[in-house]
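User: I should like to learn how strand pairing and chain contacts are read from a model. Could we work through a case together?

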Amino acid sequence: MSDQHKDINEDIRWAKINEDVLRSMENPRMGYWVSVVVCLALLSLAVIAEVYQYNTGMGVANLNWPQMWGLYIATFIFWIGMSHSGTLLSAILHITHADWRKPIYRFAEAMTTFTLMTAGLFPIIHLGRLWNMYWVLPYYSDRGIWPNFRSPLVWDAFAIGTYLTSSALFLYIGSIPDLAICRDNARGWRKKLYTALSLGWRGDDRQWRHFRKAYLIMACFLIPLAVSVHSIVSSDFAMSIMPGWHVTTFPPYFVAGALYSGCAGIITLFVLLRYYFRFEDYMTLPILDKTCKLTFAIAMVWTYLNLVEFSSVWYGHDMVAKELLIDKFTGTYSPYFWAMLFLGSVVPFTMAFEKIRRSISAMFVISILLNIGMWLDRWMIVGPTLSASYEPFAFSVSWPSWVQWFIVIGSFGWFGLLFLVFVKVIPSVSMYEVKEMIFHRRHIAHKDIASVMHRRAGDAKPSGEAGLEGVKS
Amino acid sequence: MSLDKMKRREFLKVLGWGGVGTTLAGCDMPTTVTVQEGKEEVVAYLAPEEYVIPGIGVWYATTCAQCGSGCGVHGRVREGRVLKLEGNPESQVNRGKLCPAGQASLQAHYNPDRITAPRVRRNGQFEQISWEQAFALLDEKAGPSSGLAGDRFAWVSDTVSGHQAVLLKAWMDAIGSRHHYVHEAVNDAVWRAVCRDMLGDENPRLRVDKARVILSFGADFLSTWGSPIHNSTQYSEFRTAPRGVLIQAEPKMTVTGASADLWVPVRPGAEGVLALAIANVLVSKHHRDISSLPAEAQEQIRAYDLDNAARITGVTGEHIIRIAGLLNERGPSLVLAGASAAGHARGYDSVAAAMLLNIMLGNVGKTLESSAGFPFPQLAAKTGGNKELLDFAAALESKSFDVVFFSGTNPVYTAPEALKLKDKLAVVPFKVAFTQFDDETAQQADLVLPLRSALEDWGTHVPAAQPEQMQINMQQPLMEPLYPETRGFGDAILALLKLRKAPQYSAYDDYYAYLRNAFAALPAALKLGTISDQQFWTRAVQKGVIEVGAGRGNLATRVVSFTVAEPAEEGRPFTLVPSAGANLRDGRYANLPWLQEVPDPISKVVWDSWAELHPSAAAKIGVKTGDRVRIESEHGAIEAKVYIYKGMHPDAIAVPLGQGHEAYGRYAQGRGVNPLKILGLATETKTGELANHATRVQVTRIADKAGDKLVKLGGSEVQLGRKLVATVTADVFARTEGEA
Amino acid sequence: MSLENILTNWSKYRKGAEEGGFHDYEHMWGRVIDLNKCTGCSACVVACYAENNLAVVGKDRFADGHAMHWLRIERYWDEPDLGEGRVAEFQHHGASFLPMHCQQCNAATCEPVCPVAATYHTPDGLNAQVYNRCIGSRYCSNNCPYRLRYFNFFSYYESSWPAPLHMQLNPDLTVRDKGVMEKCTFCVQRIRAVKDKAKMQDRKVLDGEVQPACVQTCPTSAMTFGDILDMHSPGKGVENTQAAALWRKHQVELGKAKQVKQDPELRGYRVLEGLNTDPKVLFLERVREV
């Protein structure tokens, strides 16, 4: 298969696409149940830890003075970062006409929604009095008390709330035609569910035209939103006064890091879905190859921004920030810091080789390594600054307790569980877009039909030189 | 009783939780609300006791009884509870200021480990009894019917003064015993002896405020030595322009040393030599006249020239010249000598050498003033040291006592193991402990009589170190006793006296009545401005102090014969410095959680013992901060984690006093080690005091115990270039604030 | 900060940053700590525990960094470099003690980051902490360059005040439960009481009338507390206070990240002043005879 050069086999029949994708939603096999059990087990670890922490106090997480934030906030940023992949694939690549995204954007979008649902839990878990978490929202109160609009944490709440709503909506809107296919093939309760969800989709021209417009508008809306979300998350740190946090390049750095870990996450799920559901026909090696190239590019951007930060601190006049930077390279946290640099900046160079890019098993391992690197990156932002900043008497290093680890690990179980539900409820490969893609590819030769078809569908013009020429003629 | 209490609490619950925090906070106190079986007598808080205004705190004057300094305090009382203590500005001892231990006397009062009822030991077990039973027992064992009299009795106490001292003396007289031992593990007994011999005054008044240079040989006068808060208030003036210079010479940096302009590490035991070397420079370089000194003293001064002294003391010649220069240039000066100078076999001689400097520099009469003129010698403080402990132990050995009373002191804890005090006590047939807490001594006692806390009790105190205007301090209860089955110290002695001298003392219902009577008998000179005894009494209680006028008289100067000793480098390589800190002092505050939680000023360690070492000494042993060492003397060994810093002499290892309690409640028990336990029994030659700074020890690194950590506040020991504590030179200070 | 309030006071609010807050200040409580006099004895620390219901956490929790000392005394060992790589063998100039409690910054970095505005600036110039409002995000502590905020990582009521120790608790302020941030308040309950008393007697607050527990007990009188609002011109605050006189004398002004002094040798400085947090605690440099 590794000699495959086309993104997708153009000979696939429409019916086979429906059949393959819908089959993935049918009765689960053993592997699925095993995954569910594993995820539930992980989640229950987190639940046990959280109940314990809730009852006893935050101290059991071994958070302390001055290490007030720990893995919770690091992992929060990590999951927020993961969420950027879906937007990248479905929105950015959509408006830039990279049609190879089509077979894989659906699960990436789902990943966005679910990682946000995971990420959102962390700020809540880390609150000392989480039962009052709603106080960060600007609800009307008779006492006239509002949240502090100057606080980046409030911005976080808005940004994540908006992003979660939008991405869930985007996922849903994009799934409507597929939900209609499901409706047409389902029985029993699923029939009822999909009937409701597909909102009376019949697939006529008018519906397609509106659909295309809505989708495009959402895509355009989501791109700046996604960029702003991680910029805002970065302002949790960048707006502070602390060395190592008070960094001007943090917003782009965070966005780059987010896209980076998101892409790595997509590769991991790509491999898993392809393996579990035998999606070899849709999640093809050329698509993996392209995703890897994209990841590699982002990795380099991230590396560059890291270097910018280091050099600006090194040549700057902030003695304390410089001290902290040196400490990161040589101090207590240095093994983790070097590991992060290695995993984040050196390991991606393996993706310079096509052989590796097209190797399912290699990319599975690499993508996980990249994400470990990105998780360490988040921790290396939160941890060292707290342990050593301006006040030397408050210097102290502490390590997370089992409570923090359980909750971090459990978050993967929670995400996995959501995703496992998703693959059985919503088609994880977009059927209609794969058909479109194949249709475009098949008809690139038949230029007239292609252009007509596109005009009627209200879609952007087909990509590729051939398509453009077709319209001109 | 407990049934009633339960019901009262339930009643309070019914009243509603909303107000519990503020209006009914004194709910554990048997005051206004009483509930009897089947009948509830509800007294609303709308009609409280006349003097209780809900929500309003009222300040009452009393005296802090944490140590013998006798600081006046104001206690804030709200809804019948005392909440906060502050220094009494009327008291010239502390001028409104208070030390950590004074602040924490609230926790001695509210301590959860207080003894709430008398106990008697029967068949090795303690049993709770009533006071009536306790006194019946006392009558049997110590009353006239016991047939015992005179020196079969002994009393071991801490510093006592005022009318308690009078009553105690009356009791000792009543039984005809001369054995009243006043034991203070942290003391200035040798200094007092030297002052008595050389100045003719045991407690000369120190004028820290007047001095321009203070040279202190290990006298931690800001923290544990003398009257620390009195000294601190004066130190404040000492440091205002024209700013005085503080020089501290000691083997382990004390709190006072940490504030010194020049801190010099001196080899333990070489303080006397250093003092003479300074005198030598004063003579040779600054041409001070010593012809009036005895030949013996002159000879010794000449013997310790710079090279000689530098070799013996470990202090560089430069420093000696500098110290002498400062003492010569700036006057008046004040030379003090404290525990680390006095705690050697020739400690008296070292202190005498320091006092010689005072005489040479003409400080007597300027910064050392006479304390004579206190009109009531019977009320004066009776204080002591470790000699009394040794004497007591010796007397025990000759099996001379049938009954021993303990009050305010914990000799079983403070006695070195080598003294075998526990074993010696075992043969005494009847031991009575008057105490608030179940400490080591109380555990050895046969009868334990629970005392009221200082904040529940009446009394008068006369500070040993008096301010310029001498005073008697009033102690009054600030609240109802927490536990009804406790008695005041005065009440207890009065009750004892009634066993023997009923006719004289039966007129007094309680100690309060006795005090009122005693006050009526005070000379009229004290009562100026008051029209009646009642008014005098009220004024005394309100103000908290009775001023008895300024001291009179001049100090004598007599140079005693002394011979300073050079430290002998024999046996084990290190000298153990059992260092006292203000937080735990001699261990008596170890049961107060605030003082355990407050980091030691120097090492910043909490809730534990530690051993202090100089980096070079640590390198020799091969330890770093946080490693565990075993400190072994001839008489035993202790283990502690080390803290390394440059405030130590390389020959010394310091272990703080105060921890290592085997009893004494949840906060003190089983925490750290007690360095007093491994001290040798060598005594100071002239005074018979314990040479407690002379024990030689071997220090070896040992493996860590699991779970044992050195808990210390603070990450970085240095400022790392940030301007957190900035330092300017005294020249700059003189330029900018010189004429403040 | 109701919506109406924001709308009506918008211009004030908008310019708040330059004016150092948008308040018409009634007082500006500040203090002076003379490091020439501080002996590090820790009496202030214990007084703070007694006054402010601070929990005693015990050895293990202290080790875990859960201590609740609002006032801590930092002790640094700094010895002059003798040159040629040699450093002094002994601590000849003693220790450097630095009593650190909330600096009550006028441009407090903790205030803007609190998501629920639980920490804010009062018209007394205090950096207030509203325990009821705090949700425990701990952002304020992370953004405090002095690390002077302490978090209730546990509920300490049972462990710290076993009966009858709880009877000592000061009813003028609360016992904080788990999940809440706390810090030095300059003994706001004492300020409140004095202000109320002055108001009832229809007079102004007098200098020295408010004494926080630590200032009151300091055996060497190293701390001076008072209103420094009218440091430069008489107006609304407590006039001619000792504290204000010291600020003036040492030529340290509020609202400046770098002081321009006529006499650069004057001892007054503020810790980490360059961060422009505008702290209201003036330290006077430690003095040593060299």
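Analyst: The discussion below takes up a sheet and then a contact between chains; the model is a predicted one.

User: How should the pairing within a sheet be read, and what is the strand order in the open sheet of chain B?

Analyst: In general, the strands of a sheet pair through backbone hydrogen bonds, in either a parallel or an antiparallel manner. In chain B, an open sheet of 4 strands follows the order β13-β12-β11-β14, and its pairing is parallel.

User: Which strands are the edge strands?

Analyst: They are β13 (262–265) and β14 (333–337) of chain B, each of which pairs on one side only. From one strand to the next, the twist averages 10°.

User: How many bridges join β11 to β14 in chain B?

Analyst: Strand β11 (residues 213–217) of chain B is joined to β14(B) by 5 bridges, and the two run parallel. I214(B) is found opposite L334(B) of β14(B).

User: Turning to the contact between chains, how many residues does it take from chain B and from chain C?

Analyst: The size of an interface is often given as the accessible area lost when the parts come together. Here residues are counted instead: 77 residues come from chain B and 62 residues from chain C. On the side of chain B that touches chain C, helix α7 (residues 228–239) of chain B gives the most, with 6 residues. That side comprises 41 nonpolar, 18 polar and 18 charged residues.

User: Which strands of chain B and chain C pair with each other?

Analyst: Strand β28 (residues 727–729) of chain B pairs in the parallel sense with strand β13 (residues 286–288) of chain C, over 3 bridges. In this pairing, T729(B) stands opposite R288(C) of β13(C).

How values were computed. Residues are numbered from 1 along each chain as its sequence is written. Chains are lettered from A and ligands numbered from 1 in the order in which they are written. This is a predicted model: local features need pLDDT of at least 70, side-chain atom pairs count only at pLDDT 80 or more; totals for chains, interfaces and linings use all residues. Two strands pair if DSSP finds at least two bridges between them. Axes are lines fitted to C-alpha atoms, for helices over the stretch in contact, and angles run from 0 to 180 degrees between N-to-C directions. Two residues are in contact if their C-beta atoms, placed from the backbone, lie within 7 Å. Ala, Val, Leu, Ile, Met, Phe, Trp, Tyr, Cys and Pro count as nonpolar, Asp, Glu, Lys and Arg as charged, and the others, Gly among them, as polar.
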